[in-house]
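Dear colleague,

I am handing over the structure below, together with some notes on what was found in it. Please read the notes with the structure open beside you.

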Amino acid sequence: MLIGELKERPLLLNTDRAYERAIDARNKGLPVFYGDVTRADVLNSFGASTAKACILTIDDMSSTNRAVITLSREFPDLPMIVRASDVAHKSRLEKKFDKIKVMTPLLPKHSIMLTLPFGGAVLEQLGVSQPE
């Protein structure tokens, strides 16, 4: 998992099984870590307990589910914004976890346009006003 955390900002969780990308990002000075986000000790080392929110953009449905379960259990007050794989996945997550905001991509996975509504939800969760 490729993880990035910015102080006073959300914890970002994204699947990237190529640890080399995490190493490259760290070498560039970015706050990026590599680890299993289904383990509470790993999430604690990434700063999940002090994060303002958690943003999950994991491509694999099963990995997303495991991460949501762990985060909900270990950090019940941590706001989460989760990208679901499809409408059915979104529905299941919303039924099981009432405190998370779940979004479903309507565009191809790698479309830049996909990031706009998700980014808007993140900013809203962080309390950024609409004019900003």
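**Salt bridges**

The side chains of Arg73 and Glu74 come together in a salt bridge, with 3.2 Å from N to O. Before going further, please keep in mind that this is a predicted model. Of this pair, Arg73 counts as exposed because its relative accessibility is 53%, over the 50% that the term requires, whereas Glu74, with a relative accessible area of 34%, is partly exposed.

By the rule used here, the count of salt bridges comes to three. Another of them joins Asp41 to Arg39, where the closest N and O atoms are 2.5 Å apart. Both partners are partly exposed, since Asp41 has a relative accessible area of 45% and Arg39 stands at 41% relative accessibility.

Lys90 and Glu94 also meet through their side chains in a salt bridge, at 3.6 Å from N to O. These two residues both belong to helix α4, which covers residues 87–96, and they lie four residues apart, about one turn of the helix. Lys90 counts as partly exposed at 26% relative accessibility, and Glu94 is likewise partly exposed, with a relative accessible area of 37%. As a general point, side chains of opposite charge can pair when their charged atoms come close.

**The nonpolar core**

Turning to the interior, the largest nonpolar core has 21 residues, and those that touch the most other members are Leu56, Val68, Leu71, Met80, Val82, Leu93 and Ile100. The elements that contribute two or more residues to this core are α2 (40–45), β4 (54–57), α3 (61–74), β5 (80–83) and β6 (100–103). Among these, α3 supplies the largest share, which is three residues.

Which residues does Val68 contact, once its neighbours within four places in sequence are left aside? They are Leu56, Met80, Val82, Leu93, Phe97 and Ile100.

**Strands β4 and β5**

Two of the strands that give residues to the core, β4 and β5, pair with each other in the parallel sense over three bridges. Within this pairing, Met80 in β5 is the bridge partner of Cys54, and Ile55 stands opposite Ile81 in β5.

In which directions do the residues of β4 point, and are they buried or exposed? Cys54 and Leu56 point one way from β4, while Ile55 and Thr57 point the other way, and all of them are buried. For β5, Met80 and Val82 point one way and Ile81 and Arg83 the other way, and here too all are buried. It may help to look at Met80 with both descriptions in mind, since Met80 is the bridge partner of Cys54 and is also listed among the core residues that touch the most other members.

**A patch on the surface**

Finally, Tyr19, Ile23 and Tyr34 make a nonpolar surface patch of about 310 Å². Of these residues, Tyr34 is found in strand β3, which spans residues 32–34. Tyr34 counts as partly exposed because its relative accessibility is 41%, and the partly exposed class lies between 20% and 50%.

With best wishes

Definitions and conventions:
Residues numbered from 1 in each chain as written. Predicted model: local features only at pLDDT ≥ 70, side-chain atom pairs only at ≥ 80, totals over all residues. Heavy atoms only, no water. Core = buried A, V, L, I, M, F, W, Y, C linked by side-chain atoms within 4.5 Å. Buried < 20%, exposed > 50% of the residue type's maximum accessible area, 1.4 Å probe, protein only. Contact = heavy atoms within 4.5 Å. Patch = residues over 30% accessible without salt bridge, like charges linked within 9 Å, V, L, I, M, F, W, Y side chains within 5 Å. Areas by Shrake-Rupley, 256 points an atom, 1.4 Å probe, with all protein chains shown as cover. Salt bridge = Lys/Arg side-chain N within 4 Å of Asp/Glu carboxyl O. Pairing = 2+ DSSP bridges.
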